[in-house]
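Please look through the structure shown here before reading on. The paragraphs that follow go from a single pair of residues to the arrangement of the whole chain.

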Amino acid sequence: MAAGDYNAVREAIKKTIPQSSYDDGSAGPVLVRLAWHASGTYDKKSGTGGSNGATMRYKLEASDEANNGLEYAQKFLEPIKQQFPWISYADLWTLAGVVAVEYMSGPKVDWKPGRVDDVDEQYVPPNGRLPDATQGQDHIRSIFYRMGFNDQEIVALSGAHNLGRCHADRSGFEGPWVPNPTRFSNTYFKLLLHSQWYKRKNRVGVEQYNDEDNELMMLPTDMALLKDPKFRVWVEKYAEDKDLFYRDFAAAFGKLLELGVIRGPEGKAFRQYARAKL
């Protein structure tokens, strides 16, 4: 394949999304999570972290408990990396998230190539920069404000919980948020707002919120979106207006994937260690 043929990479990603023996038969949700977590380490004050560098390849970042289970996403994408050795892991992981969202009936997210891979652990961001699902609205704001997001963008990004499920052996939480966790929609917001949620301990003793039949769940951070009036207004808007949610999610997710990516004149990103010299 010709170097730079990103359409060919997109098609290869689409072909790897159906995974009959994984979760709900789809790698899509975990690919979105990989792109999210690879980017969500950004700190706007120091300029460290973010998707450039693909530093989750190194044990120091991979061992962050928030990244449990993302080895599956990397494993699904490794044959594509071998097929297209010219693409960086940093570009592959973020592109996979974009393709997966669209594949699962979500919005088209703007994406640009040019990220480069770090060659060692020197610029791995410290653990603990990703959200802790046991916390409330103050924690949520501290995490997302650090990256440069506002309240509206926080709620829009939370809509990614339309996808996938939690696993007790990874996060301690268990179950899907919505009945169809492999299709992007605004169902998460509708259920969060209009269903009855009961605080319960799951089978491993972790407190979460379940619906009456224990088929669906919400995290403490999800419930915080309801309790905080500034967050709740956006939950209500997105529950009512799917098109608005799709537009806002696409903008926020595209912004997330670009955090920390400083590009040169031809679009290629500088390595993190070069930033101090700019």
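Which residue in β5 does asparagine 210 stand opposite? In this predicted model, the residue across from asparagine 210 is methionine 217 of β5. The two strands that meet here, β4 and β5, pair in the antiparallel sense over two bridges, and the hairpin that they form has six residues between the strands, with asparagine 214 taking a positive phi near 60°.

This pair belongs to an open sheet of three strands, which follow one another in the order β3-β4-β5 with antiparallel pairing. Each of the edge strands, β3 (198-201) and β5 (217-218), pairs on one side only. Helix α9, which covers residues 220-227, packs on this sheet by touching β4 and β5, and its direction makes about 60° with that of β4.

On the other side of the pairing, β3 and β4 (residues 207-210) run antiparallel and are joined by four bridges. Along this stretch arginine 200 stands opposite glutamine 208 in β4, while lysine 201 has glutamate 207 of β4 as its bridge partner. Five residues lie between the strands in the hairpin of β3 and β4, where glycine 205 takes a positive phi near 85°. In general, the strands of a sheet pair through backbone hydrogen bonds, and they may do so in a parallel or an antiparallel way.

From the sheet we can turn to a pair of helices. Helix α5 (residues 89-103) and helix α11 (residues 242-258) have axes that come within 10 Å and cross at roughly 170°. Because angles over 145 degrees count as roughly antiparallel, α5 is described as roughly antiparallel to α11. Their crossing is right-handed. The contact is made on the α5 side by Thr94, Gly97, Val98 and Val101, and on the α11 side by Phe249, Phe253 and Leu257. Taken by character, the residues of this contact of α5 with α11 comprise five nonpolar, two polar and no charged.

A wider view comes from the domain assignment of the protein, which gives domain 1 as 6-130 + 253-277 and domain 2 as 137-252. The C-alpha centres of domain 1 and domain 2 lie 22 Å apart. How many residues of each domain are in contact with the other? For domain 1 there are 31 residues, in contact with 24 residues of domain 2.

Methods. Residues numbered from 1 in each chain as written. Predicted model: local features only at pLDDT ≥ 70, side-chain atom pairs only at ≥ 80, totals over all residues. Heavy atoms only, no water. Pairing = 2+ DSSP bridges. Contact = heavy atoms within 4.5 Å. Axes fitted to C-alpha atoms, helices over the stretch in contact; angles between N-to-C directions. Parallel < 35°, antiparallel > 145°, perpendicular 65-115°, else oblique. Left-handed = near helix turned anticlockwise from the far one by under 90°. Nonpolar A, V, L, I, M, F, W, Y, C, P; charged D, E, K, R; others polar. Domains from an automatic or database assignment.
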